[in-house]
Amino acid sequence: MIRIEELKMLIRNGSPKSNDRIPMKDLTIDDLDKPTLAMFRQLVEARYPDGAYEDMKMQDFLLHLGLFDDSDKSRICPYAGTLLLFGKYNTIKRYYDSYQIDYFDYRGSADRWSDRIATDDLGPQEMNVFNFYSIVYQKLVSTSKAAFRLDENMVRINTDIREALREALVNTIIHADYSIPNGSIRIEVYDTYYRFENPGKMLIPTDVFFRGGTTKPRNDVVMSAFRRIGLSERQGYGGYQIFLTVSNIRLRSPQIETSLEKTVLTIWLVDLPGSYPELGNAEKDVLSCLTHSSLLSKYDIESMLSDRYSEYRIKK
């Protein structure tokens with residue numbers, strides 16, 4: 001028997017309307033956080049210097065960007081997505097009682113985090129979605145290394161994973177179902193991989209996500225705001241960009257798992273053999289051979305590894 005909450009999830013998943021384009025008629029611009037709005041506006045004005053935004057009042061600016069609803073001229077109000085992006089934490093919790101966004105750094109120990117960002121932190125910033133993105137992306141950048149390698153023609157190839165991390169974080173926020181009870185956005189960093197979790201089932205097949213070209217965002221107000229500052233520019237190609245970036249660095253392919261309750265994306269920092277620490281060196285070398293071609297015969301593998309291992313060891 002389907003539970004009431006499961007039925008609500010299915011209805012939201014099947015609705016052609018965006019989850020976050022709901023006018024919040026009880027709210028005004030005073031329910032939004034002024035420092036967050038100021039930071040967002042500064043980024044928009046820097047990206048569009050000819051937009052003449054500096055002369056607009058803040059509410060007119062948000063109306064111009066499609067972040068406020070004015071269908072009722074007597075009650076101009078923010079959309080649900082605008083509240084999530086720029087709202088004061090207590091106001092967000094009043095309308096989304098399960099609102100929870102977390103970041104954990106587990107490097108060095110999978111049992112104990114060394115750094116954490118959470119919605120209930122008593123920090124100087126309101127923990128809305130926009131501030132969470134801004135803070136966590138800088139955290140992710142600090143955990144990655146900008147580097148490059150040379151191909152067989154001595155041509156420099158970028159091996160910077162930051163683009164994949166940015167796309168993953170943006171996708172996690174845009175596609176989250178913030179109405180799921182006990183659902184949460186959770187970003188985790190480990191020694192060998194990153195984990196991005198958001199509440200809600202993925203609305204397109206996983207193979208289509210990595211292939212690119214198709215998108216069905218739950219929150220098009222949030223997506224539109226991100227696009228205004230240069231994020232999520234190519235709709236439907238976030239998953240493809242993640243896959244392409246990781247492939248260029250020659251890491252293990254990203255994985256995605258989805259259910260009615262949540263979606264989890266894993267981005268690896270190691271190649272396929274390196275993602276199985278329990279394997280011995282010989283087993284990892286065999287697996288490395290198979291990553292180049294799954295059509296290799298036992299004889300092919302024995303020939304490739306004969307200078308390092310005996311025939312008996314490889315057969316084992």
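## Working through a predicted model

Strand β3 and strand β4 (residues 115-118) run antiparallel and are joined by four bridges. Strands here (E, at least two residues) and helices (H or I, at least four) are DSSP runs numbered from the N terminus, and two strands pair if DSSP finds at least two bridges between them. Before you dig in: this is a predicted model, where local features need pLDDT of at least 70 and side-chain atom pairs count only at pLDDT 80 or more, while totals for chains, interfaces and linings use all residues. Residues are numbered from 1 along each chain as its sequence is written, and side-chain values use heavy atoms, with hydrogens and water left out.

**Exercise 1. Work out how β3 sits among its partners and whether its two faces are covered or not.**

Step 1: start with the other partner. β3 pairs with strand β7 (residues 185-189) in the parallel sense, over five bridges.

Step 2: pick a residue and look both ways. Phe104 stands opposite Arg116 in β4 and opposite Glu188 in β7.

Step 3: recall the general pattern. In a regular strand the side chains alternate between the two faces of the sheet.

Step 4: sort the residues by side. Ile101, Tyr103 and Asp105 are on one side, Asp102 and Phe104 on the other, and all are buried. Buried means under 20% relative accessible area, exposed over 50%, and partly exposed in between (1.4 Å probe, protein chains only).

Step 5: conclude. Five of the five residues of β3 (residues 101-105) are buried, so the strand is largely enclosed by the rest of the structure.

**Exercise 2. Find which residues of helix α1 are buried and where they lie around the axis.**

Step 1: list them. In α1 (residues 4-14), the buried residues are Glu6, Met9, Arg12 and Asn13.

Step 2: check the geometry. These residues cover an arc of only 125 degrees around the axis, which puts them on the same side of α1. The arc is taken from the directions running from the helix axis to the C-beta atoms.

Step 3: flip the helix over. Ile4, Ile11 and Gly14 are exposed on the other side.

**Exercise 3. Describe the largest pocket: what is its volume, and which elements line it?**

Step 1: get the definition straight. On a 1 Å grid over the protein atoms alone, a cavity is a set of points where a 1.4 Å probe fits but cannot get out, whereas a pocket is an open set with protein on both sides within 12 Å along at least five of seven lines; lining residues have an atom within 4 Å of a point.

Step 2: read off the volume, about 510 Å³. Volume is the space filled by probe spheres set on the points, with grid points joined across faces, edges and corners.

Step 3: look at the lining. It has 37 residues, and Glu167, Asn171, Phe209, Gly238 and Gly239 lie nearest the centre of the pocket.

Step 4: assign elements. At least two lining residues come from each of α7 (162-174), β8 (193-199), α10 (238-249) and β10 (262-268). α7 gives the most, with eight residues.

Step 5: split by class. The lining has 14 nonpolar, 15 polar and eight charged residues. Ala, Val, Leu, Ile, Met, Phe, Trp, Tyr, Cys and Pro count as nonpolar, Asp, Glu, Lys and Arg as charged, and the others, Gly among them, as polar.

**Exercise 4. Compare the surroundings of Ile242 and Leu269: which is buried and which is partly exposed?**

Step 1: locate them. Ile242 lies in α10, and Leu269 is in the loop between β10 and α11 (281-292).

Step 2: check accessibility. Ile242 is at 0%, so it counts as buried, whereas Leu269 is partly exposed at 29%.

Step 3: list contacts (heavy atoms within 4.5 Å). Leaving aside neighbours within four places in sequence, Ile242 is in contact with Ala164, Glu167, Ala168, Phe209, Pro254, Leu265 and Ile267. Leu269, not counting residues up to four places away, touches Ile161, Tyr190, Asp191, Thr192, Tyr193, Tyr194 and Leu251.

**Exercise 5. Find where Ala52 and Asn182, both with positive phi, sit in the chain.**

Step 1: recall that most residues other than glycine have a negative phi.

Step 2: take Ala52. Its phi is near 60 degrees, and Ala52 lies in the loop between α2 (34-47) and α3 (58-64). At 40% relative accessibility, Ala52 is partly exposed.

Step 3: take Asn182. Its phi is near 65 degrees, and Asn182 is in the loop between α7 and β7. With 74% relative accessible area, Asn182 is exposed.
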